[in-house]
Amino acid sequence: MNWKGVIHHYRKFLPVTEKTPVITLLEGNTPLVFSEDLTKAIGPKVYLKYEGLNPTGSFKDRGMTMAISKAIEKGSKMVMCASTGNTSASAAAYSAKSGCLKCVVLIPEGNIALGKLAQAMIHQAQVIAIKGNFDDALTLVKNITDHYPVELVNSINPFRIEGQKTAAFEICDVLQGAPEFHAIPVGNAGNITAYWKGYKEYNDIGRSKQLPKMLGFQAAGAAPIVLGHVVEKPETIATAIRIGNPASWKKAEAARDESGGLIDSVTDDEILDAYKRLASKTGVFVEPASAASVAGILKLSKQGYFKKHKDARIVCTVTGHGLKDPNIAIKNITEPVVLKADIKAVLHEIGL
Ligand SMILES: *Cc1c(COP(=O)(O)O)cnc(C)c1O
């Protein structure tokens, strides 16, 4: 297939016309990787929707191709976002591709993974660190974009959700229907909202015969939806979901309740275990936030949640690439041994 990006492929499901200038880096069409290891551990077939293989390394590109294309259609000259990292990387890259948009990014000072910051900077976004957390940054961006001719490209921009729902379409296209369960990390809760919308739209037109139960997972130190109240100082190593007051809170609850699913939390230790397990036993390297979905289904499995569903399929969205957060990876490996350049020493070391 000659893949031309999500707007081209799913045009009839998206609010675009022939007048919409399509700004694309050929995002989407990401692999659905079967995990033998997780299937063996859990029972139902486990698939990973490997969103780290999008152009800027996260699922944000699906929404950004829409948000940037629509901003240009409207005549905007500037876009702005608050970001834990991946939104800014994506906004910066798509703005660069457009050739005509200035991109301004507000990040929480000191809590952005290094790889993501490098991306926003190299794509020439104007990056401003705020002495505050993500939620503070988003409040500022909302205020500015409400009062000035600047387009907001956070996931409260409805075009972002429209683009992101295409991941659910791709899953149904590959599996020839929806899975029984869909597990997903929850931060600002745009993505769980988008998947649920996508699954419902495909179901409405008969492209799938069932709807999955949506299983959302927050980090224990940043679990406002699970706790039922705003978390003032969210803390987790999974910086992409370090959010204390999700913008799409109500929509995430609707996805949970309409689907008969749940939103639960996983600890940083559980996230790191899943992160290392994915890399070492399935060969898929993700950033810590992405591992929350896998940590979540491992936790549910221990509680017997999937006992009666051995024939079911679980799709886990793994949202971003492991290289986004090199510091966490480096903290979780041991340094290589150093030997002299001698064949005997090397053979001995590798047990031959
Ligand atoms: C943005 C992001 C999330 C959280 O998605 P929301 O739509 O904010 O819930 C999770 N993981 C990664 C890698 C992200 O970039």
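# Ligand shell and selected residues

An oxygen atom of the ligand lies 2.8 Å from a polar backbone atom of Asn191. The protein covers 97% of the 380 Å² of accessible area that the ligand has on its own. These values come from a predicted model.

**Ligand surroundings**

Gly187 and Asn188 also place polar backbone atoms beside the ligand. For Gly187, the distance from such an atom to an oxygen atom of the ligand is 2.8 Å. For Asn188, the corresponding distance to a ligand oxygen atom is 2.7 Å. Around the ligand there are 15 residues, of which Lys60, Asn86, Asn188, Ala189 and Thr319 come nearest. Asn188 is thus one of the nearest residues and has a polar backbone atom at 2.7 Å from a ligand oxygen atom.

Sorted by class, the shell consists of six nonpolar residues, seven polar residues and two charged residues. What is the largest cavity? The largest cavity is the space taken by the ligand.

**Positive phi angles outside glycine**

Most residues other than glycine have a negative phi. Leu26 departs from this, with a positive phi of about 65° although it is not a glycine. Leu26 is placed in the loop between α1 (6-9) and β1 (32-34). Gln176, likewise not a glycine, has a positive phi near 55°. The loop that holds Gln176 runs between α8 (166-175) and β7 (181-185).

Are these two residues buried or exposed? Leu26 counts as partly exposed because its relative accessibility, 47%, falls between the 20% and 50% cut-offs. Gln176 counts as exposed because its relative accessible area of 73% is over 50%.

**Accessibility and location**

The table lists these two loop residues with four further residues.

| Residue | Location | Relative accessible area | Class |
|---|---|---|---|
| Leu26 | loop between α1 and β1 | 47% | partly exposed |
| Gln176 | loop between α8 and β7 | 73% | exposed |
| His9 | helix α1 | 36% | partly exposed |
| Thr282 | helix α12 | 18% | buried |
| Asn203 | helix α9 | 23% | partly exposed |
| Asn54 | loop between β2 and α3 | 4% | buried |

Why does Thr282 count as buried while Asn203 counts as partly exposed? Thr282 has a relative accessible area of 18%, so it is under the 20% cut-off for buried residues. Asn203 has 23%, so it falls in the partly exposed range from 20% to 50%.

**Contacts and separations**

Thr282 belongs to helix α12, which covers residues 268-282. The side chain of Thr282 is joined to that of Ser35 by a polar contact of 2.9 Å.

Asn54 sits in the loop between β2 (45-50) and α3 (60-74). With 4% relative accessible area, Asn54 is buried. Where does Asn54 stand relative to Leu26? The two residues are 28 residues apart along the chain, and 8.2 Å separates their C-alpha atoms.

Asn203 lies in helix α9, made of residues 190-204. From Asn203 to Pro179 the C-alpha to C-alpha distance is 12 Å, with a sequence separation of 24 residues. His9, found in helix α1, is 107 residues from Lys116 in sequence. In space, His9 and Lys116 are 28 Å apart, taken from C-alpha to C-alpha.

Technical notes. Residues are numbered from 1 along each chain as its sequence is written. This is a predicted model: local features need pLDDT of at least 70, side-chain atom pairs count only at pLDDT 80 or more; totals for chains, interfaces and linings use all residues. Side-chain values use heavy atoms; hydrogens and water are left out. A residue is near a molecule or strand if one of its heavy atoms lies within 4 Å of it. A polar contact is a pair of N or O atoms within 3.5 Å; within protein, one must be able to donate a hydrogen and the other to accept it, and residues adjacent in sequence count only if both atoms are side-chain atoms. Accessible areas come from the Shrake-Rupley method with a 1.4 Å probe; for residues, only the protein chains shown count as cover. On a 1 Å grid over the protein atoms alone, a cavity is a set of points where a 1.4 Å probe fits but cannot get out, and a pocket is an open set with protein on both sides within 12 Å along at least five of seven lines; lining residues have an atom within 4 Å of a point. A molecule sits in a cavity or pocket if more than half of its atoms lie within 2 Å of its grid points. Ala, Val, Leu, Ile, Met, Phe, Trp, Tyr, Cys and Pro count as nonpolar, Asp, Glu, Lys and Arg as charged, and the others, Gly among them, as polar. Helices (H or I, at least four residues) and strands (E, at least two) are DSSP runs, numbered from the N terminus. Buried means under 20% relative accessible area, exposed over 50%, partly exposed in between (1.4 Å probe, protein chains only).
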